[in-house]
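Visitor: I should like to understand how the terms used for a protein structure are justified. Could you show me the structure, so that we may go through them one by one?

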Amino acid sequence: MVSRFLLMLDVLLLLNFIAYAQNPDDSIKTMEEFSGYPHPFDEAHSIPSFAVDSIRLQKQIDELSTFSDSPAPSVTRILYSDNDVMARRYIKNLMGLTGLSVREDAVGNIFGRWEGSEPEVPAVSTGSHIDAIPYSGKYDGVVGVLGAIEAINLLKRSGFKPKRSLEVIMFTSEEPTRYGISCLGSRLLAGSVSLAKALRQTVVDNANISFLDAAKYAGYAKNEEFSDVFLSKKSYSAFVELHIEQGPILENEGMSIGIVTAIAAPASIKVDFGGNGGHAGAVLMPQRNDAGLAAAELALAVEKHVLESGSIDTVGTVGILEVHPGAINSIPSKSHIQIDTRDIDEKRRNVVIERIHESAVSISKRRGVELLEFNIVNQDPPALSDEFVINAMESATQVLGLSNKKMISRAYHDSLFMARIAPMGMIFIPCYKGYSHKPEEYASPEDIAKGVKVLALTLAKLSSNSL
């Protein structure tokens, strides 16, 4: 009964907040009560309606997509590349134009802060990433960065004054493209000591360029101390990420907003096999120790073990399979395979990993090849959204009259690691046919605007309340 009353109160406050944007003379008092900050209303200044500037936001999305190593309509933006550096500059300029104070850390996480009336208390944060895997689309991550900046602009246009400071974060390298590490920036923010050490000493890309050298090329890592990136759990009172769904559920069901309740537990595995190789015509089949076939057999074993879990939430993908020397008339002497497996149930996912390892050992013995490496690169736990943040997102959708669906995220997001620092929540919007990580990725301006409005009201709610 009490929780229902509080929910109704939240809705009424948010309704009055929107009413303020449309009828400021009648709503100044309510606005002050909602925000906790006296509003210096100017009678001569007209306050616009609570509307997203969709034309400007789409233009920004399109402009950002031009910083790409591949031609339109695809986007390729790899960590610390020239286009990545230019895209970062673009984001910092937008933050500055919005009136945010901008700072960067040693790996290039970018922070834009709107200081509240109580700057000494933990801030409310939002954001996402702008790096893009090869030949992908222009909405993944980007909507959560540019949309967050527009949400701040929307609140400012509406006369909102935050108690808790609001901070937009552009995370470094959410994608594992260059160094094989997902959510690199947010992992460090969450305090990964092992990652900070590895980035200084051992991490290199396929061209044997160290992370340290690449970071310095882009203007970061000046003191080579990545532990400076770590944030305390008192840094933020809440974190909310706006993102395209990257799946077809919202579109198929005609829902406007997805409210994420949990993010699946992901794991990445690297496997190397070594065989004898030889001439494709001269070595007879019974005498072969084919490292390429060992990798192919393991790829099929991954599918088998995932399906054997019995859960629709267990998934596995072999995204990389390479053979050496890579000639049509040469038996592979080495093979390299990279596996992604994830589940909302950590124990069930770990059983799958154990069975994949058992298969790798069995295949190597049966085929007479050597299992050179079986390395679990990361084995992260799932993350649950915070109930208070979920309630704030739900209240926002109700105020705006938008349909919503509670759902889990099977994709990786920086929110997974921000949940280790602060109460977390995610807002999903529909995307065309669920497409993502491909040029056909698309979210309509109307759906983006709905997501930005929900984000803006959620941030207002979280900024104005004691958590």
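Guide: Let us begin with a term: a salt bridge is a side-chain nitrogen of Lys or Arg within 4 Å of a carboxyl oxygen of Asp or Glu. The model shown here is predicted, and by this rule the count comes to 21 salt bridges.

Visitor: What makes the pair R56 and E150 a salt bridge?

Guide: The nitrogen-to-oxygen distance between their side chains is 3.0 Å. The limit is 4 Å, so the pair qualifies. R56 lies in helix α3 and E150 in helix α5, so the pair ties together parts that are 94 residues apart in sequence. E150 also meets R157 in a salt bridge, at 2.8 Å, and a network of salt bridges links D53, R56, E150 and R157.

Visitor: Why is E150 called buried, and why is R56 called partly exposed?

Guide: Buried means under 20% relative accessible area, and E150 has 3%, so E150 is buried. Partly exposed covers the range from there to 50%, and R56, with 33%, therefore falls within this range.

Visitor: How do you know that D140 has no salt bridge?

Guide: The nearest side chain of opposite charge, R77, is 9.3 Å away. A salt bridge requires a distance within 4 Å, so R77 does not qualify as a partner. D140, which is buried, lies in the loop between β5 and α5.

Visitor: What makes the pairing of D140 with H243 a polar contact?

Guide: Their side chains are joined at 3.0 Å. A polar contact needs a donor and an acceptor, N or O atoms, within 3.5 Å, so the distance meets the cut-off. The side chain of D140 makes a further polar contact, with that of H437, at 3.1 Å.

Visitor: How do you know that the span of helix α4 is close to the expected one?

Guide: Helix α4, residues 82-97, has 16 residues and reaches 23 Å from its first C-alpha to its last. The expected span at 1.5 Å a residue is 22 Å. Among the buried residues of α4 are V85, I91 and L94, and what covers the buried residues includes α3, α5 and β6.

Visitor: Which residues touch the most other members of the largest nonpolar core?

Guide: They are L64, I91 and I448, in a core of 58 residues. Leaving aside neighbours within four places in sequence, I91 is in contact with L64, I130, V145, L146, I149 and M170. A second, separate core has 45 residues, including F111 and F226.

How values were computed. Residues numbered from 1 in each chain as written. Predicted model: local features only at pLDDT ≥ 70, side-chain atom pairs only at ≥ 80, totals over all residues. Heavy atoms only, no water. Helix = DSSP H or I, 4+ residues; strand = E, 2+ residues; numbered from the N terminus. Buried < 20%, exposed > 50% of the residue type's maximum accessible area, 1.4 Å probe, protein only. Lys, Arg positive; Asp, Glu negative; His and termini not counted. Expected span 1.5 Å × (residues − 1). Contact = heavy atoms within 4.5 Å. Core = buried A, V, L, I, M, F, W, Y, C linked by side-chain atoms within 4.5 Å.
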